[in-house]
Amino acid sequence: MPSSQHFINHVRIPENNDWVIFILVGCIFLYVFMMNVIERDASLKDFLLQKYFDASNNLPSWIITSCVTTLTLSVLISQYIPIVPKYIADLQLFGYQLNKFGYTLLAVLFFYLIKSTLGFLFYQSIGDGKKWTIFYFTSTKFYFILTFLLIILCVTHYYFPIDRNKMFLYYLCFFSFVFIFKVFFYLFHKNKILPEKWYYKFLYICTLQIAPLLLLWKLLFF
């Protein structure tokens with residue numbers, strides 16, 4: 001009888017990241033639609049440098065930019081989520097369960113909805129409701145540029161041979177820098193999007209910038 005032999009399969013099954021390309025291409029099409037239809041064929045320079053009183057359709061542009069930010073951020077950080085909580089994993093819709101990307105997308109979407117709602121209520125409560133529209137008009141430009149950086153990071157993360165464990169530290173540094181830059185961007189922008197009184201500015205930064213981030217971190221990593 002021939003002796004039994006043990007065969008080792010050295011064939012590596014490559015990771016299928018087609019879903020990443022589909023999402024990123026969808027985000028690009030959203031921006032093409034926004035620039036060609038909503039912004040009426042505006043150039044990139046005109047869009048970024050336009051003044052509030054000369055702009056139109058600010059709300060649709062803000063919504064599209066927020067959607068792209070939510071999608072690209074979820075794609076990038078979803079692979080670092082330790083687990084999907086059991087109470088979320090047990091929920092099924094048409095026989096499907098949320099994977100890490102789905103849970104991350106849900107958490108980030110919840111984060112932005114809560115943050116935007118509280119921001120609106122904050123400006124209304126201090127009697128400066130008109131400034132809210134100027135705020136999201138200005139923040140749209142900031143997040144528009146940020147999303148292109150996120151798209152580049154997503155492509156690098158999923159399609160280049162990098163050490164993802166080491167990259168996590170770089171991502172933390174990157175997002176820390178973005179957060180600090182955003183705070184100064186809001187504080188010193190010429191549109192004066194934050195309230196005039198210093199204690200309202202301090203309240204906004206603590207309750208609507210720092211606190212939601214801590215909540216998102218807890219939802220994703222604890």
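Analyst: UniProt positions below follow the numbering used here, feature names are shortened, and annotations may be inferred rather than shown by experiment. This is a predicted model, so local features need pLDDT of at least 70 and side-chain atom pairs count only at pLDDT 80 or more, while totals for chains, interfaces and linings use all residues. Residues are numbered from 1 along each chain as its sequence is written, and side-chain values use heavy atoms, with hydrogens and water left out.

User: Which residues does UniProt list for "transmembrane region"?
Analyst: The list comes from an unreviewed UniProt entry. It gives residues 20–38, 59–81, 101–122, 142–162, 168–188 and 200–220.

User: How much of the span 59–81 is helix?
Analyst: Helices (H or I, at least four residues) and strands (E, at least two) are DSSP runs, numbered from the N terminus. For comparison, residues 20–38 are 100% helix and 0% strand, with end C-alpha atoms 26 Å apart. In residues 59–81 the end C-alpha atoms lie 32 Å apart, strand takes up 0%, and the helix share is 83%.

User: In what order do the elements of the protein run?
Analyst: There are eight helices and two strands to place. Starting at the N terminus, the order is α-α-α-α-β-β-α-α-α-α.

User: Are helix 7 and helix 8 roughly parallel or roughly antiparallel?
Analyst: Take axes as lines fitted to C-alpha atoms, for helices over the stretch in contact, with angles from 0 to 180 degrees between N-to-C directions. The axes of helix 7 (residues 164–188) and helix 8 (residues 198–221) come within 11 Å and cross at roughly 160 degrees. Angles under 35 degrees count as roughly parallel, over 145 as roughly antiparallel, 65 to 115 as roughly perpendicular and the rest as oblique. The crossing angle therefore makes helix 7, relative to helix 8, roughly antiparallel.

User: Which residues of helix 8 make the contact with helix 7?
Analyst: Contact means heavy atoms within 4.5 Å. Helix 7 brings F168, L172, F179, K182, V183, Y186 and L187 to it. From helix 8 come K201, Y204, I205, Q209, I210, L213, W217 and F221.

User: How many disulfides are there?
Analyst: A disulfide is a pair of cysteine sulfur atoms within 2.5 Å. By this rule the count is zero. Take C173: the nearest cysteine sulfur, on C154, is 18 Å away, so the number of disulfides that include C173 is also zero.

User: Is C173 buried or exposed?
Analyst: Buried means under 20% relative accessible area, exposed over 50%, and partly exposed in between (1.4 Å probe, protein chains only). C206, at 29%, is partly exposed. C173 has 54%, so this cysteine is exposed.
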